[in-house]
Amino acid sequence: MLPLTKRSKSLLAAALLAALAGCGIADNGAEPRGGATKDAAALPAVPKRAVPAGLPGMPPVLDPRDVYAADRPGKLSPVVKGFPSRVYVPNTNSNTVSVIDPATYRVIETIPVGIQPQHVVPSWDLKTLWVNNNRGHTLTPIDPANGVAGKPVEVHDPYNLYFTPNGRYAVVMASLDRELVFRDPHTMERKKTVPVSCYGVNHADFSADGRYFVVSCEFSGELLKVDTEKMEVIGQQRLPFEGAMPQDVKISPDGKTFYIADMMAHGVWVLDGQKFTTPTLLPTGKGAHGLYVSRDSREMYIPNRGEGSISVFDFRQNKLTKKWRLPDGGSPDMGGVSADGKVLWLSGRYDSEVYAIDTTTGRQLARIPVGSGPHGLAVYPQPGRYSLGHTGVFR
């Protein structure tokens, strides 16, 4: 190779600069005006995990993989942080609510309410507890900040109570009236009545996007699928079991599956909510009744009222992994999990008592006497941004 002259070196340097400029790179190493290079612009974008489009006005889903992501231990909303920790127990035969201090396992107050209180229900905005006085045809509001009961509100046949995920409506499960009644969530003024052909509407849960909910019909052994925004029944089916009596309803953390406890089929129905096809039965124990998800979203506690036991279902393994039996038996019914996730609280429907159970070992921590016919007790406050109703279904 011939040696480069001074002029040749200058020409070569200029050519290199021109070539670099042609590749879209400035001589100072910065990108040219206009942003990314032509080659970079041609690269495919990395797809983000899709978050389902929710019901209009519904708070955004925190995690598309877990509808209970807001329910982690101690993750209390600023609205409830000052409320004292209590367990509220509606006694259907005594027409009272027993108030338990979970720190001492003792009843500290008994509140007179209406006739046949069935459930204590946290409001969507977390500010009020509504006692469902089923045969008294009223709702008694309780202020969870001080435990004081307010003036009852007239509502016909309020067996159970839910709230749409956007907080727009309260939904009364009018069991004997055979109606779903959409009401103002604060005043309880009736907005729309949806007659149903099944008998005994009682429990429900909403899809991950809030656009529909599944309702159990206790006395006719049926399920309903309801469009939340249109407030219309869009699906109905009879369970494939003679004498079925579906109870509590709960959606899986990933939002793909609904579980329905059945006290006569002695197990839990497993349903594809989107397709709403015939569900399959997972046997758990005699008188399966309630469904409660652990604070880490890994397990679901299933009280079997007819045999005094609690079955534990593992979502990831998709199977039952444990069964805890109450010493001396009992009738575990409805309840909830403590804010820290360490204690499962359940009413003893036929034994006038409440059970506190260690969620790690299944050991009974306490057995507390209350009024007659304890039913849908509420542990309050609990983590979550808003309440969907029942004894405390939080998202």
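Which residues do ring pairs link into a cluster? Ring pairs link F83, Y380 and F394. Here rings of Phe, Tyr and Trp (its six-membered ring) pair if their centres lie within 6.5 Å; planes under 30 degrees apart count as stacked, over 60 as edge-to-face and the rest as tilted.

The structure is a predicted model, in which local features need pLDDT of at least 70 and side-chain atom pairs count only at pLDDT 80 or more, while totals for chains, interfaces and linings use all residues. Residues are numbered from 1 along each chain as its sequence is written, and side-chain values use heavy atoms, with hydrogens and water left out.

**Exercise 1. Describe the protein chain as a whole.**

Step 1. The protein chain contains two helices and 29 strands; helices (H or I, at least four residues) and strands (E, at least two) are DSSP runs, numbered from the N terminus.

Step 2. Of its 395 residues, 53% count as buried. Buried means under 20% relative accessible area, exposed over 50%, and partly exposed in between (1.4 Å probe, protein chains only).

Step 3. Among contacts with a separation of 6 or more, 46% come from residues 24 or more positions apart; contact means heavy atoms within 4.5 Å.

**Exercise 2. Locate and characterise the disulfide.**

Step 1. The structure holds one disulfide, defined as a pair of cysteine sulfur atoms within 2.5 Å. C198 is joined to C217, with an S to S distance of 2.1 Å.

Step 2. The torsion about the S-S bond of C198 and C217 is about -55°, so the disulfide is left-handed.

Step 3. C198 lies in the loop between β12 (190-195) and β13 (201-206), and C217 in strand β14 (residues 212-217), so the pair links distant parts of the chain, 19 residues apart.

Step 4. C198 is buried at a relative accessible area of 1%, and C217 is buried at 0%.

**Exercise 3. Classify two aromatic pairs and one charge over a ring.**

Step 1. The count comes to 12 aromatic pairs. In one of them, the rings of Y105 and W345 have centres 5.9 Å apart and planes at 40°, so the pair is tilted.

Step 2. Y105 lies in the loop between β2 (96-101) and β3 (106-112) and W345 in strand β26 (residues 343-348), so the pair ties together parts that are 240 residues apart in sequence.

Step 3. Y105 is partly exposed, with a relative accessible area of 30%, whereas W345 is buried, with 2%.

Step 4. The rings of F206 and F213 have centres 4.7 Å apart and planes at 40°, so this pair is tilted. Both F206 and F213 are buried.

Step 5. The charged end of K225 sits over the ring of Y212, 4.3 Å from its centre; the criterion is NZ of Lys or CZ of Arg within 6 Å of the ring centre and within 35 degrees of the ring normal.

**Exercise 4. Identify the backbone features of Y380, R178 and H266.**

Step 1. The peptide bond from Y380 to P381 is cis, with omega near 0°. P381 is placed in the segment after β29 (378-380).

Step 2. R178 is not a glycine, yet has a positive phi of about 60°. R178 lies in the loop between β10 (170-174) and β11 (179-183) and is partly exposed, with a relative accessible area of 34%.

Step 3. H266, not a glycine, has a positive phi of about 60°. H266 lies in the loop between β18 (257-262) and β19 (267-272) and is partly exposed, at 31%.
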